[in-house]
Amino acid sequence: MSSDSIPESVPAASGTPADSPFSSEPTARDEAPQFVLPLVVHLEKTDPPARNDALVTAARAVLTILSDPRSLGEDEGVGEGEWARAMRDWQDARIRKVVRRARGAEWRKASTLPGITVTGEHAEVRVYPPVPLDGWPKELAKLQVSGTDLTDPEPPASPDTAGPVLWLNPEVTMSAGKTMAQAGHGAQLAWWELSETERKAWREAGFPLSVATPDAARWSELTASGLPVVRDAGFTEVAPGSCTVVADHPALRR
């Protein structure tokens, strides 16, 4: 994938209203100025993180910026945060996330921009307030999308099904960068469905979650369960409307 081929995707929950940012059909949101949530994964040549660790960390990064006081507005019971306007503009249009990679001096420069670095077992992902689709800061615009393919040296541990799990479609193949964006979509869908009390409990626990790939039979059950489902817009890698992630949270299990 070239640096100009950005893994953008728009999630969609089953049964969402026609004007939802997650609707797979054209809506008025498509006419609004479009923004993107940048995520940058720290990826050194000699010591890359495991794929599953990167996926979990990217999802936690999205949750972290969604809940950060700087992202909240007056209607959320706090003073207007410095990122609140950008977050509103982003969420009023289509929900786009882009994952790029950085190493060495690139990572150090990227880390000087306003944002939040979230650390996993070994992975580091920095998330930034949304930027216009065609207005990236130069420190991020030059970062590459290609080269984010990661592997798991050992099979990931079984997911903790007593807690939140982001289930990946076993029949869809995606690069690590693309999958990181999809995991972020799934985490965001779960966050939106939770009550304020449930959000607070998840945040105070440090946003624990697992990312796992079920077998085909289990995937079929999950997509029919009523849990939030990410449907990709088809900008890159997968066909439009493909179901990529089911967002499973204990509070959402009916």
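Start by selecting Thr57, which you will find in helix 1; bear in mind throughout that the model on your screen is a predicted one. Thr57 counts as buried, because its relative accessibility is 0%, where under 20% is the limit for that word. Now add Glu124 to the selection: although Thr57 and Glu124 stand 67 residues apart in sequence, their C-alpha atoms are 7.1 Å apart in space. If you show the surroundings of Thr57, and leave aside residues up to four places away in sequence, you will see that Thr57 touches Val118, Thr119, Gly120, Ala123 and Val125.

From there, move to Glu121, which sits in the loop that links strand 3 (116–119) to strand 4 (124–127). Is Glu121 buried or exposed? Glu121 is exposed, since its relative accessible area is 78% and the word applies to values over 50%. Select Pro49 as well, and you have a pair separated by 72 residues in sequence, yet 8.4 Å apart in space from C-alpha to C-alpha.

Next, colour helix 1 (residues 51–67) and helix 5 (residues 176–193), whose axes lie 8 Å apart and whose packing angle is about 40 degrees. That angle makes helix 1 oblique to helix 5, and the crossing of helix 1 past helix 5 is right-handed. To see the contact itself, show side chains on both helices: on helix 1 the participants include Arg51, Ala58, Val62 and Leu66, while on helix 5 they include Ala176, Met180, Ala187 and Trp191. Sorted by type, the residues of this contact comprise twelve nonpolar, four polar and one charged.

Keep helix 5 in view and add helix 6 (196–204). The axes of helix 5 and helix 6 come within 8 Å of each other and cross at roughly 135 degrees, and the two helices are therefore oblique to each other. Here Ala190, Trp191 and Trp192 of helix 5 meet Arg199, Trp202 and Arg203 of helix 6, a contact that divides into four nonpolar residues, no polar ones and two charged ones.

Trp202 is a good residue on which to pause, for it leads into the interior. Not counting residues up to four places away in sequence, Trp202 touches Leu63, Pro164, Ala190, Trp191, Leu194, Phe207, Pro208, Leu209 and His249. Which residues touch the most other members of the largest nonpolar core? In that core of 53 residues, they are Leu39, Leu166, Met180, Trp202 and Leu209. Helix 1 supplies the largest share of this core, with ten residues. A second core, separate from this one, has twelve residues, among them Ala102, Leu113, Tyr128 and Trp136. In soluble globular proteins, nonpolar side chains tend to be buried together.

One of the contacts of Trp202 deserves a selection of its own: Phe207, located in the loop between helix 6 and strand 7 (210–212). Phe207 is buried, as its relative accessible area is 4%. Check its backbone too, where phi is positive, at about 55 degrees, although the residue is not a glycine. Most residues other than glycine have a negative phi.

Finally, zoom out to the whole chain, which has seven helices and nine strands. Of its 254 residues, 52% count as buried. Among contacts with a separation of 6 or more, 76% are between residues 24 or more positions apart.

Terms used. Residues are numbered from 1 along each chain as its sequence is written. This is a predicted model: local features need pLDDT of at least 70, side-chain atom pairs count only at pLDDT 80 or more; totals for chains, interfaces and linings use all residues. Side-chain values use heavy atoms; hydrogens and water are left out. Axes are lines fitted to C-alpha atoms, for helices over the stretch in contact, and angles run from 0 to 180 degrees between N-to-C directions. Helices (H or I, at least four residues) and strands (E, at least two) are DSSP runs, numbered from the N terminus. Angles under 35 degrees count as roughly parallel, over 145 as roughly antiparallel, 65 to 115 as roughly perpendicular and the rest as oblique. A crossing is left-handed if the near helix is turned anticlockwise from the far one by less than a right angle, and right-handed if clockwise. Contact means heavy atoms within 4.5 Å. Ala, Val, Leu, Ile, Met, Phe, Trp, Tyr, Cys and Pro count as nonpolar, Asp, Glu, Lys and Arg as charged, and the others, Gly among them, as polar. A nonpolar core is a set of buried Ala, Val, Leu, Ile, Met, Phe, Trp, Tyr and Cys residues joined through side-chain atoms within 4.5 Å. Buried means under 20% relative accessible area, exposed over 50%, partly exposed in between (1.4 Å probe, protein chains only).
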